[in-house]
Amino acid sequence: QVQLVESGGGLVQAGGSLRLSCAASGRTFSIYDMGWFRQAPGKEREFVAAIAWSGRSTRYAAPVKGRFTISRDNVKNTVYLQMNSLKFEDTALYYCTSRTTILGSYEYWGQGTQVTVSS
């Protein structure tokens with residue numbers, strides 16, 4: 001199994017920045033890629049960004065492309081989400097997740113970290 005622990009959430013004004021971290025432990029050698037999802041109140045959970053554990057490829061949802069950057073540090077087994085130019089609509093509970101195959105579902109999830117953007 002893989003354990004994921006997020007940190008870095010908080011309250012920020014619109015236009016500000018935050019960096020989320022996700023530390024992975026356990027069977028990290030089995031990870032194919034890691035990603036971030038978010039869920040706002042009353043809305044479904046949605047994909048934000050993902051990065052291959054090899055670091056060679058990244059994917060972003062359209063609403064965050066150009067503002068968010070996902071990266072990873074394989075030595076620390078940690079994935080980061082740098083969020084710039086934050087908007088009110090970025091307010092959500094952000095979850096870190098991982099999967100073991102390119103076609104598989106995201107199977108491991110962290111507890112989530114709250115990001116609140118004030119307008």
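**View 1. Arg67 meets Asp90 in a salt bridge.** In this predicted model, the closest look goes to the side chains of Arg67 and Asp90, with 2.7 Å from N to O. The two partners come from distant parts of the chain, 23 residues apart. Arg67 sits in the loop between strand 6 (58-60) and strand 7, while Asp90 belongs to the loop between strand 8 and strand 9. Buried or exposed, this pair? Both Arg67 and Asp90 turn out to be buried.

**View 2. Arg38 also pairs with Asp90.** Here the salt bridge between the side chains of Arg38 and Asp90 spans 2.9 Å, N to O. It ties together distant parts of the chain: Arg38 lies in strand 4, and Asp90 is in the loop between strand 8 and strand 9, 52 residues away. Again, both Arg38 and Asp90 are buried. Zoom out a little and which residues make up the network? Salt bridges link Arg38, Glu46, Arg67 and Asp90.

**View 3. Asp33 and Arg99 form a salt bridge.** The side chains of Asp33 and Arg99 come together at 2.9 Å, N to O. This one bridges strand 4, home of Asp33, and strand 9, home of Arg99, with their positions 66 residues apart in the chain. Asp33 is buried because its relative accessibility is just 3%, against a cut-off of under 20%. Arg99, at a relative accessible area of 11%, is therefore buried as well. For the whole structure, the salt bridge count is 5.

**View 4. A disulfide connects Cys22 and Cys96.** How many disulfides does the structure hold? There is 1, and its sulfurs, from Cys22 and Cys96, are 2.0 Å apart. Cys22 is in strand 3 and Cys96 in strand 9, so to speak distant parts of the chain, 74 residues apart. The link between Cys22 and Cys96 is left-handed, with -80° about the S-S bond. Cys22 has 0% relative accessibility, so Cys22 counts as buried. Cys96 is buried too, because its relative accessible area is 0%.

**View 5. The largest nonpolar core has 28 residues.** Which members touch the most others? They are Met34, Trp36, Val48, Phe68, Leu81, Met83 and Tyr94. Elements giving two or more residues to this core include strand 1 (2-7), strand 4 (33-39), strand 5 (46-52), strand 7 (68-73), strand 8 (78-83), strand 9 (92-99) and strand 11 (113-118). Strand 3 (18-26) is on that list as well, and strand 3 supplies the largest share of the core, 4 residues.

Terms used
Residues numbered from 1 in each chain as written. Predicted model: local features only at pLDDT ≥ 70, side-chain atom pairs only at ≥ 80, totals over all residues. Heavy atoms only, no water. Core = buried A, V, L, I, M, F, W, Y, C linked by side-chain atoms within 4.5 Å. Buried < 20%, exposed > 50% of the residue type's maximum accessible area, 1.4 Å probe, protein only. Disulfide = S-S within 2.5 Å. Salt bridge = Lys/Arg side-chain N within 4 Å of Asp/Glu carboxyl O.
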